[in-house]
Amino acid sequence: MTYAFFNATFFDQAVLGITPILLAAMAGTLSERVGLFNIALEGQMLVGAFAAVAGSHFGGSLQAGVLSAVAAAVVFSSLLAVGSALLRGNDIVIGISLNLLAAGLTSFLLRTLFGVSGTFSDSAMLGLPRLSIPGVASLPLLGSALGHQNFLVYFSWILVAAITVFLNRTPWGLRLRGIGEQPAAAVALGADATRYRFLVTLLGGALCGLAGLQLSLGSLTLFSENMTAGRGWIAVAAVMLGRARPLAVAASCVLFGLSDALGLRLQGEGLPNQITDSAPYVVTLAALVIAGLRQRRLTGAVT
Amino acid sequence: MAYLEMIDIVKRYSGVLANDHVDLAVERGEIHAVMGENGAGKSTLMSILYGLQSPDQGYLRFKGSTLLLQSPLDAIAHGIGMVRQAFRLFESLSVWENIVYRREPRRGIFVDGARARAQVQELARRHGLPIDPMARVAHLPVGVRQRLEILKALYREAQVLILDEPTAVLTPAEVATLFTVMKSLAASGCTILLVTHKLNEVMAVSDRITVLRNGRVAERLVTAETNPNAIVRAMTGHPVTLQTSKPREPGTVKLEARGLTVEQHGRRVVDDVSLTVRGGEIVGIAGVAGNGQSELIEALMGLTVVAQGSVYLQGRNVTHDSVAAHRASGLSYIAEDRARTASAAAASATDNLAMGFHCQPPLAHRGLLQQKAMRKWARGLIEQFDIKIASVDTAVGTLSGGNLQKIVTARELAHNAPVLIAEQPTRGVDVGAISFIHGELLRERERGHAILLVSAELSEILALADRILVMYEGRIVAEFARADADEATLGLYMAGGTRS
Amino acid sequence: MRIAAGVRSHLSRRVAPLLPIVGAVAVGFGVCGLIALWVGLSPSLMFRQLLQGAVEGPQLFETVARAVPLVGMTLAAAIPLRAGIVNLGADGQLALGGCAAAIVALYFPAPDLVRLGMALAAAMVVGACYAALAAAGEILAGVPLLLSTWLLTYPAKGLCGYLVRTPLRDPSTAWPSTARIAVGARLGHLIPGTPVNQGFLLIALVAIAVIFLDRHSSMGFELRLRGLNERFARYGGVALNRQTLGVMIASGAIAGLVGAIMVLGSQFRYTDGALTAPQYSWSGTLAALLAGGEPVGSVIAAVLFAALQTGGFAMERSVEIPRVLTMVLQSVIILFLAMRGAIWKRA
């Protein structure tokens, strides 16, 4: 049994599972670096997921779905941008209420626009097509996972590299880092902190919209209520674990994606799904505890 | 017509006239000192010059044309730079990143790091301000950070440099270096405005002095033709006398530290410190900020974990006890950061004054608060300390620095604790309150309490302390009786030197 | 003359802080009205149904019955919030508490009333312990409670879901749930003929205790001041870690109690997902946020939200407007307040 435990499907599932978390975590990373605590990743992802399905269904094409996902998430994130970046309201309160607003709105629209509750699926809807990278796609075990995925998966990898370069090598990345670290100093030297925060939030919204798109149209094509199932929060945890450094955050996302796939695999082996569903959350918690204990040992505990 | 002029400046804050028709004229390449007591109006005047505020009346003229400054960015664009007391640096970034921030040399869409570092090196060399462009700011000592702030201004081609109390955080040796730098900058055509209240420095380095008192220009002096007494008379209106304590026979040891060591990030920030404070004496700790004084106090208070050594309060070993246990053993603490640590801005005066007393009679009875007693307590303290506040329910965040410091002092002194730690008790406080607080500290001493005074103001320590310890890099490097101490010797030890 | 001026200034000091809330509520209703229009429904009809559905006749008792768990969950959220701590794990503590109550009420060998008492106690203990787990994560490893409490809800709900499907499953029902709890071990009706049960008394007691302690005890003082400035509290001698543990235990215990009340007072069995379906935790968190953790304000907000939700159910039955719109309304109100900085402006 063990020889087939980690098979090609496992890694394929893992990559599919990692992608939305990775995209959202990149949004969270940029927010964190500019000094905002963005816990509304969950809600923005959900809005994107719904809009993707709605756009694809009513617009009749995949492109319409993609555009809707991004547009809707950006519009939704403008609430966060105005409240947090512009008006400097409390990040946590705004984030929580946006998450709940997204859940309520998407459930409401599910009923009023599609006339169903729970789940909407349309077999005629096209999902994201998979692209093949010649050479990579024929690798054993990892071939499908790495070489035969949709464009969002590859985009997310390029994104991690792009953000790393942006932050460390470009003038705007430097200014962003300064704003996040010491806004007073940055503003004194002429950086427009409000503009950076605002734009980063909107960009984060777009990325979360893409994350939602991956969720609802990436493998199966459906929307179900609260389908984000806490992935946005796991993205927040990933940002924390990776200390808002893109590569470390990406590594944390891989960890969670793998544990998610592991949970599914164990379910296939007969373990009750209520237990295996908890796998990514327990792994996340364990990782946070371990990282926290290490940090405590390094800096010396405070009474 | 002068190079830089501030003409007929008037600025009012809620009824108080901070600047009352002030005129200032500065020549090119001059080191011009702007002097005055805390609250005389120097900071306001300079903040207007730097574009942080607009004057209610009056205007600025620079190189013949009128200046209208909307913000510091305007000032920088016109060639006016400022180095403030509280540095504004990006700790996790490197020196060169801090200097070129927002004026980064580019190569395409990327930052040209190599060119930036070269430019920084050249700038540093040209002005005699050696610095390592690659160093991370978080690891730099205070003196070097100040150099960094100066370089930031020079990188932006400042022709006028305002230095606001620059020596507050420097050792005497670093001060001497700063003066050399200032003179060479002036010689190369840079005009320097030195805002300070320290006489000896002004005498050492300035060309001319404008003295402010109560918002007005009291005197304009030429340094070469005046003397310290004349300046003091101009600043205060009368010759200055600091309260000094009379010698006293100290009592029993009330506070003792033995071999105290605190570690952070693998470094010993407090290194094998032993000290005693007896009842009826004030022990002063002199030292440049950042040499472990804050960490030492936190260890004495129970706010930080002690790696080695022990702390005794009135004979009890309290080393690993909680803050509450420390306070219960007879320790009060006037914290340096009154807004962030020693008070809650949104809470009322009643609440702020009750903190620390809220579990015992008369303010609480068996765990239940006695509201009337709390208000009475607050009213009593406000009256006793002459605190200017609308009512006991007013949030303390609205109070001035001096009044807030009085609230903190009132509360901590109300404990009548046998041991008191006072950390920078008169920082940013007006003259009247300074005198008041010093009086209170001396009264505590008369009552036989043990006082540990940590201050960056050597004059304060020399006036109040019976014994003076010098702290450098986490260690106590010298101890003096007041009679044996003077600024020069203290300064030597503060900088890590030793008398051979 | 002076008295009138004094009264006026005293009133304005009390009234002024309420104005942003009134404004936010107005915006919330406005937004919902617009959404209703957009999907072709009549806003005025909607609001009328909402109001009638909340307070007319027997509906008032529905509101009261709903207010019991809602006020409970609001208090569970408000206690940590007073100290600036966010407990997002109330759902997990609720489920574990309800499950524990069902197990004790069904299987513990003891006479009826004793079983009832033990079930309530067990629910509180279980909820408290689970919340303490998250507190330990913060105290020992610095894991933010905001995250750890949220993450812990999944294993909690998973465990209850597993228990109720396998060992405890009542095969005679269609949904995964336990057997029915004996009549003697249930919380009886408080007002006959209405859904209001004795849980009302329990929650009322808890509310009174929380309000009293917050206002009149040294403990409440320490909690409030910590919420205003944590460094100041520490400096003043407040034992922060002990306080964190204490508020989480209290919060978890109350959430567990609410779970027990739902199981023993209205559902009479533990059914997977039935406790968390009404989303009392989220509404409770929102109500607590609205009041900034202040107990009296939190209770008032909770009662208002209960009215809103009951009205929403009735509205859905009569004019087919999905009741989730009330959730939208609640979120918009909080969002608007938070944006205007009326809720904890950022430092």
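In this predicted model, the contact between chain A and chain C draws on 41 residues from chain A and 38 residues from chain C. On the side of chain A that touches chain C, at least two residues each come from α3 (62-86), α4 (91-114), α10 (231-241), α12 (273-277) and α13 (279-299) of chain A. Of these elements, α4(A) gives the most, with 15 residues. Sorted by class, the side of chain A that touches chain C holds 23 nonpolar and 13 polar residues, together with five charged residues.

One helix pair from these two chains can be followed in detail. Two packed helices are described by the angle between their axes and the distance between the axes. For α3(A) and helix α14 (residues 324-339) of chain C, the axes come within 8 Å and cross at roughly 35°. From α3(A), the residues that make the contact are A:L79, A:V82 and A:G83, and they meet C:L335, C:A338 and C:M339 of α14(C). By class, the contact of α3(A) with α14(C) consists of five nonpolar residues and one polar residue, with no charged residues.

Within chain C, a single glycine offers a view of the interior. C:G256 lies in helix α11 of chain C, which spans residues 240-267, and because C:G256 has 34 C-beta neighbours inside 10 Å, where 20 or more are required, this glycine counts as buried. Leaving aside residues up to four places away in sequence, C:G256 touches C:Q93, C:L96 and C:G97, and also C:A123, C:M124, C:V126, C:G127 and C:A128. One of these partners, C:L96, is 160 residues apart from C:G256 along the chain, yet the C-alpha atoms of the two are separated by 6.8 Å.

Chain B brings in a sheet. Four strands form an open sheet in the order β2-β1-β4-β5 (chain B), and their pairing is antiparallel. At the edges stand β2 (16-26) and β5 (65-67) of chain B, each of which has a single partner strand, so that one side of each is left without a neighbour in the sheet. From one strand to the next, the twist averages 30°. At the β5(B) edge, strand β4 (residues 57-62) of chain B pairs with β5(B) in the antiparallel sense over three bridges, and B:F62 has B:S65 as its bridge partner in β5(B). Helix α1 (residues 42-49) of chain B lies across β1 (4-13), β2 and β4 of chain B, and runs at about 120° to β1(B).

Methods
Residues numbered from 1 in each chain as written. Chains lettered and ligands numbered in written order. Predicted model: local features only at pLDDT ≥ 70, side-chain atom pairs only at ≥ 80, totals over all residues. Contact = placed C-beta atoms within 7 Å. Nonpolar A, V, L, I, M, F, W, Y, C, P; charged D, E, K, R; others polar. Pairing = 2+ DSSP bridges. Axes fitted to C-alpha atoms, helices over the stretch in contact; angles between N-to-C directions. Buried ≥ 20, exposed ≤ 12 C-beta atoms within 10 Å, placed from the backbone.
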